[in-house]
Every structure is written in structure tokens, then in C-alpha cells.
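Take a moment with the model below. This walk-through starts at one strand pair and then widens out.

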Amino acid sequence: MPFSTSDVLILTADYTLTPTQPCLRLSIATPTPKMTSTILARCHCSLFHLPLPIAPLPHDTILCHCAMCRRITGAPYASGLSIPSASSAAVAEAVAKAGLKVYIAGPKREWWFCAVCGSHVLVRVTDVKSEEKGGWKVMVGAIDGIVGDGGDGELRKGSLERVVGNVFVEDTGDGGLAMLFQGGEGERKVKYWEGDVGDREIEDINKWVTTRAEVAEAEAPAEERLEASCHCGGVRFHLLRLDDDTTKKHRASLCMCRSCRLSVGQSLTAWVMRIPFNRVIRDDGRPVDNSLFGTLRRYQSSEHKSRDFCGTCGASVLCYDRGRAGVVDVLLGVLQSTEGVRAKSWLEWDVNGIYPGGDVVDKDLQRTVEENYKRLG
Ligand SMILES: [Zn+2]
Ligand SMILES: [Zn+2]
Ligand SMILES: [Zn+2]
Ligand SMILES: [Zn+2]
């Protein structure tokens, strides 16, 4: 990965949680003056890339499950690490060099994503009430690994984050995928708040977990279409139920592969898999057909895969695989099920493992997620 020393940022590890700002918070819970890790932050196409020397990893992170974070990223949550204001100028320089696009969803945040690959790599705090006003956060999924200590510049994979809290969980309607982050290293207690940090805590995140049998017994809602939209509304479509299956449910799966991570900007993605074209209806009434519609832009993330994202808000929306004709994958984050994020009458979760399993940057986080994923009905 080409970068010069002028790109290097110094992060000071003096951040603590403040209960004043919704979304995308970060804590570096164990401050230390020793700088021993350098991470590489980048988007998938590498137009944006920035080495960041930071306190030893892993860092404690808080995941935001609010609808805005989900619909801007396409991921099931969003999470970022704060960068101190002393480094703002260097970040801004890298942003300009990469030609990142900005999406302004409200007065509190600017969301910066790559115009070429769609990866949401940075957020800038614009909330006038925030102590971090003007500061930048790097999205956790945009961290590609730890730059080698031996001066060889080689990237090493490793434990990058410890999820310690989840905010705006009530916004999901059914707990979303927040239950995937329980336990882990040392079986620590992960916190779940209904809203922001300091709001009412959810005592048992597993209260929403239903077995497959319970889901099957539940009365199917009348809803015959499942609406989907990115945050800005430039891409709209809906899903129809499968017509060639007894449950009529679509298959859903998780992915923590490096390609998803760097394309979306979050550590975990969730997908509705291999949906026949005639089950995904665009807002002009036509089924998807591998062509672009609305504000979609396309990025070829590998020889076989193309990823479509919204050119206005940057949400990751669809993925086509050249090897699988006539079907498309849809990102969970853009779905708007009235029954909750997991859309249990629509989706059957493949709990046998994370797809495709290999190439995961943060293996420790993967183990935690996999352990909890087995319990999802
Ligand atoms: Zn949020
Ligand atoms: Zn890019
Ligand atoms: Zn959009
Ligand atoms: Zn993936």
C-alpha cells in the first residue's frame, strides 16, 4: 500500500464517552501514552488511504443501530473511532486528495464516502453542542489491519475492536443484530441501551430471539411487499416473497470478509442472498435486471462481483455475481420491514456460519459473532 510519512496521523488516547451525542460514538477505554499500533484506514479501491498510529489495539467500540446509520451505510449498524482535532488538517488533506463525497443527513454529522467504490470511510461531527465539533471519526470497517512493526509496511490482521456497548437498539424493532456481540473475550458484559448512552438499558438482549419453530408458528403478517430504500431515497425498490418455496422466505446471511468490510465501511454486513430478479421490483415497477436505476453507481469489487451503491448518500444496496445469473444480493440495512430489522417472516437466517468464512480481518470479533449467531432463529 503506497503512503508517505506525511500522511501519518498521531492519535492521542484520551477519549471518554460523553452522553450528549447520538450515533457513531467511540471510546478508547484504556488510555495509554504508548503508541504501539499503526492502523491503515482505507476504502476498497484505495483512493482513500491513511496510516494512523494509535494506542494499542483492540479499542473499545460502541455500535449504533439507529435507522439513519443503517440506511446510510447499508450495514446493520455503524461504528467509528474518533480522531483528535489536532489531526483534522491531515485528514482533510487526505479527503481532498481522494475526492471523497459528502452526504449531510442532518445538522449533527457529515458522512464522507468514496465516489468510486462507495465505501463510507469517515464521519465529521458538526453538532454545535458536541465537544467533538469539527472532529473526524474513521469507520471501523475502513480499518484494514495493523501496519507491520518491523518496518516492512506489511499489513497484519488482528483484534481491532472490543464491542462494549450498543445504542439505539430500540430503533431496530426486534433487537436487530445487536445480540451478536455478547460475551467474547473474558465474557465481559456488553451494554445495550434503548436510545443513546445513558438512556434506559435493555436488561436482556435475547428477549427478542425466537427459535425457528416459534417463527414458523407465528401468524404471517399480511404485508406482501418488503420496502427498501437508501437514506436519501434516490434508490427505492421492494422485495416480493419467494414463489417457489414453502416458507416463501428469502435466505439471509452474514459476511465479515475483507471485501465487504472495505466496500461498506463496517465490520459486519448482512445480506439477503440470491434473490431472483423477478422478486426485486424497482420503483418504476420493473424488476431489477443488472442495470443501474435511480441514483445507483456501480463498483467492480472483484473479477466476479459488482457492488451498487447510492451516488448521493453512499449506501451500499445491491451486489451481483457474474457466476450467478438472474439473482441479486441485497444489503439488510436498506430494508424497512415493519416487523423489525431481522424481518423474521421474510428472512430465513443461515445460522450455520458466516458467509463465506475466510479472509476476515478481525478473527476475535468473528468468533464472538459466530458463537451468538447460532442462537438466532
Ligand atoms: Zn446511528
Ligand atoms: Zn474507494
Ligand atoms: Zn441514497
Ligand atoms: Zn463479504
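**Hairpins, a sheet and a buried valine**

Ala 228 stands opposite Phe 237, a residue of β14. The model that shows this pair is a predicted one. The two strands around the pair are β13, residues 225–229, and β14, residues 236–240. They pair in the antiparallel sense, over five bridges. β13 and β14 make a hairpin, with six residues between the strands. In this hairpin, Gly 233 takes a positive phi near 85°.

Another hairpin is built from β5 and β6, and here four residues lie between the strands. β5 covers residues 101–104, and β6 covers residues 109–113. Their pairing is antiparallel too, over four bridges. To find the register, look at Lys 101: its bridge partner in β6 is Phe 113.

Next comes a sheet with parallel pairing. Which strands form this open sheet, and in what order? There are three, in the order β3-β11-β12. β3 (59–64) and β12 (191–192) each have a single partner strand, so one side of each has no neighbour in the sheet. These two strands stand at the edges. β11 spans residues 161–167 and pairs with β12 in the parallel sense over two bridges. Across this pairing, Gly 165 stands opposite Lys 191 of β12. As a general point, side chains in a regular strand alternate between the two faces of the sheet.

Now turn to a single residue, Val 272. It sits in strand β16, which runs over residues 269–276. Is Val 272 buried or exposed? Val 272 has 26 other C-beta atoms within 10 Å. The cut-off for a buried residue is 20 or more, so Val 272 counts as buried.

Which residues does Val 272 touch, leaving aside those up to four places away in sequence? Two of them are His 250 and Ala 252. The others are Asp 329, Val 330, Leu 332 and Leu 347. Leu 254 offers a distance to check: it is 18 residues from Val 272 along the chain, and the two C-alpha atoms are separated by 9.0 Å.

Finally, step back to the whole protein. Its secondary structure comes to five helices and 22 strands. The protein has 377 residues, and 46% of them count as buried. Val 272 is one buried residue. Contacts across the sequence can be viewed in the same broad way. Take those between residues at least 6 apart in sequence: 66% of them join residues at least 24 apart.

Methods
Residues are numbered from 1 along each chain as its sequence is written. Chains are lettered from A and ligands numbered from 1 in the order in which they are written. This is a predicted model: local features need pLDDT of at least 70, side-chain atom pairs count only at pLDDT 80 or more; totals for chains, interfaces and linings use all residues. Two strands pair if DSSP finds at least two bridges between them. A residue is buried if 20 or more other C-beta atoms lie within 10 Å of its own, exposed if 12 or fewer, and partly exposed in between; C-beta atoms are placed from the backbone. Two residues are in contact if their C-beta atoms, placed from the backbone, lie within 7 Å.
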